[in-house]
Amino acid sequence: MSIAKTGDKVAVHYTGKHDDGAIFDSSVGRTPLEFQLGSGMVIKGFDDGVTGMTIGEKKTVVIPAAEAYGEHSPENTVTIERAQIPPHIELELGSSLSMHQDGGHVVEVVITDLTETHVTLDANHPLAGRDLTFELELVSIQ
């Protein structure tokens with residue numbers, strides 16, 4: 001019986017849930033997620049959860065924020081003057097924008113506060129600061 005270990009390419013079905021049980025992502029009804037264990041392709045807690053599983057095994061893992069998308073960082077939030085955003089861009093609370101940084105790097109941000117004069121943008125991952133629960137099923141090991 002094969003056991004999933006670092007370096008193996010695996011295929012996994014998963015359902016990700018918040019603490020309240022609300023599903024935020026799932027591969028059920030789709031192609032399983034394929035990745036190489038230990039390569040950094042998925043969050044550390046997910047990788048660690050799959051390591052040691054056998055084909056067909058199902059389990060539930062709870063991943064603390066630090067092993068998922070990290071803690072919510074106030075340094076990743078900025079308030080700018082509304083005039084700094086081109087007028088053709090429609091601003092709405094909760095909507096996403098792409099910001100171009102020096103060097104051409106693109107960062108996705110979410111509008112978290114909006115006044116007549118200022119816009120607050122949050123570049124934290126939407127799941128930052130949250131503990132996550134994943135129901136896992138190992139489908140294959142290569």
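The paragraphs below lead through a predicted model, from its nonpolar core to its charged pairs, its surface and some separations between residues.

Because this is a predicted model, local features need pLDDT of at least 70 and side-chain atom pairs count only at pLDDT 80 or more, whereas totals for chains, interfaces and linings use all residues. Residues are numbered from 1 along each chain as its sequence is written, and side-chain values use heavy atoms, with hydrogens and water left out.

A good place to begin is the interior. The largest nonpolar core (a set of buried Ala, Val, Leu, Ile, Met, Phe, Trp, Tyr and Cys residues joined through side-chain atoms within 4.5 Å) has 20 residues, and those with the most contacts inside it are Val10, Phe46, Val50, Phe134 and Leu136. The elements that give two or more residues to this core are β1, α1 (44-50), β4 (58-63) and β9 (132-141), where helices (H or I, at least four residues) and strands (E, at least two) are DSSP runs, numbered from the N terminus. Of the contributing elements, β9 gives the most, with 5 residues. In soluble globular proteins, nonpolar side chains tend to be buried together.

The charged pairs come next. A salt bridge is taken here as a side-chain nitrogen of Lys or Arg within 4 Å of a carboxyl oxygen of Asp or Glu, and by this rule the count comes to 5 salt bridges. In one of them Lys9 pairs with Glu34, the closest N and O atoms being 3.6 Å apart. Lys9 lies in strand β1 and Glu34 in strand β3 (residues 33-36), so the pair ties together parts that are 25 residues apart in sequence. Accessibility is described in three classes, with buried meaning under 20% relative accessible area, exposed over 50%, and partly exposed in between (1.4 Å probe, protein chains only). On that scale Lys9 is partly exposed, with a relative accessible area of 37%, and Glu34 is partly exposed, with a value of 41%.

A further salt bridge joins the side chains of Glu135 and Lys17, with an N to O distance of 2.9 Å. Glu135 lies in strand β9 and Lys17 in strand β1, so this pair ties together parts that are 118 residues apart in sequence. Glu135 counts as partly exposed at 35% relative accessibility, and Lys17 is partly exposed, with a relative accessible area of 22%. The side chains of Asp25 and Arg30 also meet in a salt bridge, at 3.8 Å from N to O; here Asp25 is partly exposed at 30%, and Arg30 is partly exposed at 46%.

Some acidic residues form a surface feature of their own. A negative surface patch is formed by Asp19, Asp20, Glu71 and Asp131. Patches are made of residues with over 30% relative accessible area and no salt bridge, like charges being joined within 9 Å and nonpolar side chains (Val, Leu, Ile, Met, Phe, Trp, Tyr) within 5 Å. Among the patch residues, Asp20 is found in the loop between β1 (9-17) and β2 (23-26), and Asp20 is exposed, with a relative accessible area of 63%.

Finally, separations between C-alpha atoms can be set beside separations along the chain. Gly7, in the segment before β1, is partly exposed at 38% relative accessibility, and its C-alpha atom is separated by 9.4 Å from that of Gln142, although the two residues are 135 residues apart along the chain. Gln36 belongs to strand β3 and counts as partly exposed at 36%; the C-alpha atoms of Gln36 and Lys5, 31 residues apart along the chain, are separated by 9.3 Å. Val119 sits in strand β8 (residues 118-122) and counts as buried at 0% relative accessibility, and the C-alpha atoms of Val119 and Arg82, 37 residues apart along the chain, are separated by 5.6 Å. For Lys17, in strand β1, the C-alpha separation from Ile80 is 33 Å, with their positions 63 residues apart along the chain.

Key: Accessible areas come from the Shrake-Rupley method with a 1.4 Å probe; for residues, only the protein chains shown count as cover. Lys and Arg count as positive and Asp and Glu as negative; His and the chain ends are not counted. The place of a charge is taken as NZ of Lys, CZ of Arg, CG of Asp or CD of Glu.
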